[in-house]
Amino acid sequence: MKILIPSLERSENLDVLKLCGMKNVKVYVKTHEMDTYAKQIGDEYVFEVPEDCIGLGAIRRFLVNEHRDEDWFVILDDDVIGITYRFEDKFVEIVDPDHFRAVLYNSYQVASDLGTPLFGYEATMNPNFYNQMDMFSFGANLPSCHGIIPSLLGDINYDPRLIVMNDYDIALQCKYHKRFMFIDKRYNLRWSKKWFNKGGSSTLRTKTLLQDMSKILMTKYGSSVVKPNPTKIQYDISFPF
């Protein structure tokens, strides 16, 4: 297993569960930021992303192609600040990196047994949106954590045109080609307010960009899957198949 963390302009506050125990972790940054990150976390953990990889679609595609020989790996956003176990009397925050790694391994094993190349976790913190019988799903999006089994991917890969919203695209590809992916809803990822924090995709995200990316998705999957919503900047995306 490898844990891959693409990052941009966040060297000073990068933690991601203390870099997941500092084992088999690779932080990918643009060439001009490598020295800055190396001073903060050590140069043995810092790896280069080509400067011409613009946006997470291109960067995640690069990471997939670089790690095709791995049994499995996880791509984590650099603004992840924790993971919560949701099926107790109260939310239980997982703070031990080894515990977090054990959760990742368990999810990988389930996805591998099912024969699907992608796995992830729930995005919604609101307890009204789940119950004790609702522990997993085989669809929906992959926010902030993309578990990937390369041997099962086939032709599935990130679309480099999608500077943002590439997580929807990879999930839709998996649903189309493999029919399902594994989402473990017992766990909820938490992240900082990525829309407003300096660095990461916030350096690129604009209203025009979101609408342009939505149009690319609508062209790929049709208006029954990706629909304009006059009340939102970003289009509505469903997983009907």
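**Exercise 1.** In this predicted model, determine whether Tyr108 is buried or exposed, and describe how its ring is placed relative to that of Tyr105.

*Solution.* Step 1: Tyr108 has a relative accessible area of 14%. Buried means under 20%, so Tyr108 is buried.
Step 2: Tyr105, at 45%, is partly exposed.
Step 3: The two residues stand three apart in helix α4 (residues 97-114), a separation of about one helical turn.
Step 4: Their ring centres are 5.8 Å apart and the planes meet at 55°, so the pair is tilted.

**Exercise 2.** Establish how many aromatic pairs there are, and characterise the one formed by Trp72 and Phe119.

*Solution.* Step 1: The count is eight aromatic pairs.
Step 2: For Trp72 and Phe119, the centre-to-centre distance is 6.1 Å and the angle between the planes is 55°, a tilted arrangement.
Step 3: Trp72 belongs to the loop between α3 (56-66) and β4 (73-76), whereas Phe119 belongs to strand β7 (residues 118-122); the pair therefore ties together parts 47 residues apart in sequence.
Step 4: Trp72 is buried at 4% relative accessibility, and Phe119 is buried at 0%.
Step 5: Trp72, Tyr105, Tyr108 and Phe119 make up one aromatic cluster.

**Exercise 3.** Locate Ser11 and identify which residues it touches beyond four places away in sequence.

*Solution.* Step 1: Ser11 is found in the loop between β1 (2-6) and α1 (16-20).
Step 2: With a relative accessible area of 9%, Ser11 is buried.
Step 3: Leaving aside residues up to four places away in sequence, Ser11 touches Thr36, Tyr37 and Gln40.

Definitions and conventions
Residues numbered from 1 in each chain as written. Predicted model: local features only at pLDDT ≥ 70, side-chain atom pairs only at ≥ 80, totals over all residues. Heavy atoms only, no water. Helix = DSSP H or I, 4+ residues; strand = E, 2+ residues; numbered from the N terminus. Buried < 20%, exposed > 50% of the residue type's maximum accessible area, 1.4 Å probe, protein only. Contact = heavy atoms within 4.5 Å. Phe/Tyr/Trp six-rings, centres within 6.5 Å; stacked < 30°, edge-to-face > 60°.
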